[in-house]
Amino acid sequence: MTERMDGFTMHGLTRLKLAKPDEIKLEYRALENGERIHYSSEYPQFVSVLHEWVDTQANEHGNGDIPGHKQHHLSNSE
(Lines give C-alpha, C1' and ligand atoms only; values in the text may rest on other atoms or scores of the structure.)
Protein backbone atom coordinates (compact mmCIF):
# COMPACT_ATOMS: atom_id res chain seq x y z
CA MET A 1 0.00 0.00 0.00
CA THR A 2 2.85 2.39 0.72
CA GLU A 3 4.09 2.10 -2.87
CA ARG A 4 0.66 2.97 -4.24
CA MET A 5 0.34 6.05 -2.03
CA ASP A 6 3.91 7.31 -1.87
CA GLY A 7 5.61 5.78 -4.89
CA PHE A 8 8.57 3.47 -5.18
CA THR A 9 11.02 6.07 -3.89
CA MET A 10 9.50 6.43 -0.41
CA HIS A 11 12.34 6.86 2.08
CA GLY A 12 13.35 3.50 3.54
CA LEU A 13 10.95 1.40 1.49
CA THR A 14 13.66 -0.35 -0.54
CA ARG A 15 15.46 -1.46 2.64
CA LEU A 16 12.23 -2.55 4.33
CA LYS A 17 11.39 -4.75 1.38
CA LEU A 18 14.62 -6.71 2.02
CA ALA A 19 13.21 -8.03 5.31
CA LYS A 20 11.95 -11.57 5.49
CA PRO A 21 8.40 -11.99 6.82
CA ASP A 22 9.52 -12.84 10.37
CA GLU A 23 12.14 -10.07 10.67
CA ILE A 24 9.66 -7.21 11.14
CA LYS A 25 6.64 -7.66 13.38
CA LEU A 26 3.53 -5.55 13.43
CA GLU A 27 0.76 -5.34 15.93
CA TYR A 28 -2.56 -3.77 14.92
CA ARG A 29 -5.07 -2.40 17.39
CA ALA A 30 -8.36 -0.67 16.61
CA LEU A 31 -8.99 2.42 18.73
CA GLU A 32 -12.13 4.48 19.27
CA ASN A 33 -10.59 7.36 17.32
CA GLY A 34 -8.67 5.39 14.68
CA GLU A 35 -6.07 2.68 14.82
CA ARG A 36 -2.59 1.95 16.08
CA ILE A 37 0.04 -0.10 14.30
CA HIS A 38 3.19 -0.96 16.23
CA TYR A 39 6.20 -2.12 14.22
CA SER A 40 9.19 -3.84 15.84
CA SER A 41 12.22 -5.89 14.92
CA GLU A 42 15.07 -7.68 16.65
CA TYR A 43 17.37 -6.66 13.80
CA PRO A 44 19.08 -3.26 14.21
CA GLN A 45 19.22 -2.60 10.47
CA PHE A 46 15.43 -2.79 10.31
CA VAL A 47 14.84 -0.88 13.56
CA SER A 48 16.69 2.15 12.23
CA VAL A 49 14.97 2.08 8.85
CA LEU A 50 11.56 1.65 10.50
CA HIS A 51 12.20 4.83 12.47
CA GLU A 52 13.27 6.67 9.31
CA TRP A 53 10.22 5.38 7.43
CA VAL A 54 7.75 6.32 10.20
CA ASP A 55 9.33 9.77 10.58
CA THR A 56 9.08 10.35 6.82
CA GLN A 57 5.45 9.16 6.76
CA ALA A 58 4.57 11.47 9.64
CA ASN A 59 6.23 14.49 8.04
CA GLU A 60 4.84 13.92 4.55
CA HIS A 61 1.29 13.28 5.69
CA GLY A 62 1.08 16.14 8.15
CA ASN A 63 0.92 14.18 11.40
CA GLY A 64 4.46 14.88 12.54
CA ASP A 65 3.85 14.18 16.23
CA ILE A 66 2.94 10.53 16.71
CA PRO A 67 2.18 9.87 20.39
CA GLY A 68 4.79 7.59 21.92
CA HIS A 69 6.99 7.44 18.82
CA LYS A 70 9.90 9.53 20.12
CA GLN A 71 10.43 7.28 23.15
CA HIS A 72 10.84 4.29 20.82
CA HIS A 73 14.01 5.88 19.46
CA LEU A 74 15.59 4.97 22.77
CA SER A 75 14.90 1.25 22.40
CA ASN A 76 17.04 -1.23 20.46
CA SER A 77 14.14 -3.40 19.32
CA GLU A 78 11.31 -1.00 18.52
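## Exercises on a predicted protein chain

The protein chain exposes about 6000 Å², of which carbon and sulfur atoms supply 52%. The model examined here is predicted.

**Exercise 1. Describe the secondary structure of the protein chain and its order along the sequence.**

Solution. Begin with the inventory: the protein chain has four helices and two strands. Next, place these elements in sequence order, which gives the pattern α-α-β-β-α-α. Finally, consider the contacts with a separation of 6 or more: residues 24 or more positions apart account for 43% of them.

**Exercise 2. Identify the residues of the largest nonpolar core, and state which helix gives the most to this core.**

Solution. First, consider burial in the chain: 29% of its 78 residues count as buried. The largest nonpolar core consists of eight residues, namely Leu16, Ala19, Ile24, Phe46, Val49, Leu50, Trp53 and Val54. Helix α3, which spans residues 44-60, gives the most to this core, with five residues. Then take one core member, Phe46, and leave aside residues up to four places away in sequence: Phe46 touches Arg15, Leu18, Ala19, Glu23, Ile24 and Ser41.

**Exercise 3. Locate the two salt bridges of the structure and classify the exposure of Glu52, Arg15, Lys25 and Glu42.**

Solution. A search of the whole structure finds two salt bridges. In one, Glu52 pairs with Arg15, and the closest N and O atoms are 2.5 Å apart. This pair links distant parts of the chain, since Glu52 lies in helix α3 and Arg15 in helix α2 (residues 13-16), 37 residues apart. Glu52 is partly exposed because its relative accessibility is 28%, and Arg15 is also partly exposed, at 38%.

In the other, the side chains of Lys25 and Glu42 meet at 3.2 Å, N to O. Here too, distant parts of the chain are linked: Lys25 belongs to strand β1 and Glu42 to the loop between β2 (34-40) and α3, 17 residues apart. Exposed means over 50% relative accessible area. Lys25, with 43% relative accessibility, therefore counts as partly exposed, whereas Glu42, with 61%, counts as exposed.

**Exercise 4. Determine which residues form a nonpolar patch on the surface, and whether Leu26 is buried or exposed.**

Solution. The patch is formed by Leu26, Tyr28 and Ile37, which together have about 320 Å² of accessible area. Of these residues, Leu26 is found in strand β1 (residues 25-31). Its relative accessible area is 55%, so Leu26 is exposed.

Conventions:
Residues are numbered from 1 along each chain as its sequence is written. This is a predicted model: local features need pLDDT of at least 70, side-chain atom pairs count only at pLDDT 80 or more; totals for chains, interfaces and linings use all residues. Side-chain values use heavy atoms; hydrogens and water are left out. A nonpolar core is a set of buried Ala, Val, Leu, Ile, Met, Phe, Trp, Tyr and Cys residues joined through side-chain atoms within 4.5 Å. Buried means under 20% relative accessible area, exposed over 50%, partly exposed in between (1.4 Å probe, protein chains only). Contact means heavy atoms within 4.5 Å. Patches are made of residues with over 30% relative accessible area and no salt bridge: like charges are joined within 9 Å, nonpolar side chains (Val, Leu, Ile, Met, Phe, Trp, Tyr) within 5 Å. Accessible areas come from the Shrake-Rupley method with a 1.4 Å probe; for residues, only the protein chains shown count as cover. A salt bridge is a side-chain nitrogen of Lys or Arg within 4 Å of a carboxyl oxygen of Asp or Glu.
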